[in-house]
Amino acid sequence: MNNFGILFFSTSQLGGILDIGYTSEQSEIITDLLYVFDAKFDVDKQEVSVDYKQKYTTLFQARLKVFIEKYKSVLPSVQKLGARFGKLEQDEWFFILPPIELNTKQKYNLEEELDILNGRKSSLNEEQLQKFFGDVLDNYEIITFDLDKDKKIKIGEGQKNKRICRFCQRGISDVSFTQEAHAISEALGNKKLILNEECDNCNKFFDENIERDFIYYHDLARTMFGIKNKKNEVPEMKGIDFHFYQSNENNLSIAVVSDSISGEKSGTPESTVFRTGNKIKIQNIYKTLCKFSLSVIGSEHVSHFCETIRWIKDEKEATALPKIAVLNSYDFFTKRPELNLYLRNNNNKKLPYLVGEFRFTFYMYIFIVPFSDKDSRDFLSEEDYEDFLNCFNHVKSKEGFEYIDFSQNVERELSFNINFEKEKTDKIL
Ligand SMILES: [Zn+2]
């Protein structure tokens, strides 16, 4: 059996590798397929050349149809090609490449080339892109997850009997894997990212300890934007002196006991403090962000975070942690939680090995995952943190980021300060 593979690359829906297995007698399939892509055959030189730049023209569609019709009975998998290409727009450009793994920078360059061919100009020009993202692309692989797909994305070993929990290193003989472990808490609206390699014990520990605090901390946003919880209900907040809930689809109601309102004696209140009665440790916000990151990273990288795992499991204490860059903005608003990772691909020890970018509603967090054995710095000093920010220039140069210390590790009651502004009050209340 022979194998022939082509990598499809587009900026829209078409992607992935086409793998065709065929016998020597069936080698005509490959020549016919190459003909679909308008390959030129030079019999004298025994060469085939095909342009990697391809366009989804009417002619291409006709050739593809003939190819599928001819081979669908011998190779049923070719039938899927019609549906896959059908996702392209008429006359859209796409690339065909050898089936190799592309790194972030290669992908980025190809996307840029496609955008130009397809007449889509990115909002930043070349010079600006180089200035904002150049250093990141030179030093990091960017790991993203396509959450638009209907299917769940399951991370790590699929077979239960082969699984090792990445947080306690135990397998099926010692622990159980009956619960479906969400890589990002389900209460934040994550239904798609599932971690296979998390045992029931660790799942329960993270749930009841660190993730619980993270969810409390985002309760206001969860209620405001109607993020459905595990039971598929929109949460409501009931604190010591207030009740905050969605009374119907688009209406939010806040009931407050009168003593907690300050401002004019009569008329609109100006500000109020909502005491939730929930006690949280602020360091658990940081731990949860790192737990999410270590849940979605490839299994092969987990061994570099033994100390980080001890820390998120409360087995290692940390008194100081790098600051987290936090942006509250509607620019990147997302109702579902989204996580991207930046994994250093070289030995530049001035830069952290793993950086995460977590977005949820109007919150955006850019954070260093601490305690990796690939790091020789702790990024606590201003100079070290500045080196990191100089690389992540798109963060540094964006206005509005605050650099917040999440290292406080004492349980405190969570309260929200609400300022009532005239314009917004009408919309919210
Ligand atoms: Zn475990």
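Helix 5 (residues 126-139) lies across strand 7 and strand 17 (334-344), in contact meaning heavy atoms within 4.5 Å, and runs at about 95 degrees to strand 7. Such angles run from 0 to 180 degrees between N-to-C directions, with axes as lines fitted to C-alpha atoms, for helices over the stretch in contact. Helices (H or I, at least four residues) and strands (E, at least two) are DSSP runs numbered from the N terminus.

This is a predicted model, in which local features need pLDDT of at least 70, side-chain atom pairs count only at pLDDT 80 or more, and totals for chains, interfaces and linings use all residues. Residues are numbered from 1 along each chain as its sequence is written, and side-chain values use heavy atoms, with hydrogens and water left out.

Strand 7 belongs to an open, antiparallel sheet of six strands in the order 7-17-18-19-16-20; two strands pair if DSSP finds at least two bridges between them. Strand 7 (140-143) and strand 20 (402-404) form the edges, each pairing on one side only. Within the sheet, strand 16 (residues 324-328) is joined to strand 19 (residues 363-368) by four bridges, and Val326 stands opposite Tyr365 in strand 19.

The zinc ion has as protein donors Cys165 (SG), Cys168 (SG), Cys199 (SG) and Cys202 (SG), 2.3 Å from it. Donors are N, O and S atoms within 2.8 Å of the metal (3.2 Å for Na, K and Ca); water is not among the atoms, so sites may look incomplete. The donor residues follow the spacing C-x2-C-x30-C-x2-C. Both Cys168 and Cys199 are buried, that is, under 20% relative accessible area (1.4 Å probe, protein chains only).

Key. Buried < 20%, exposed > 50% of the residue type's maximum accessible area, 1.4 Å probe, protein only.
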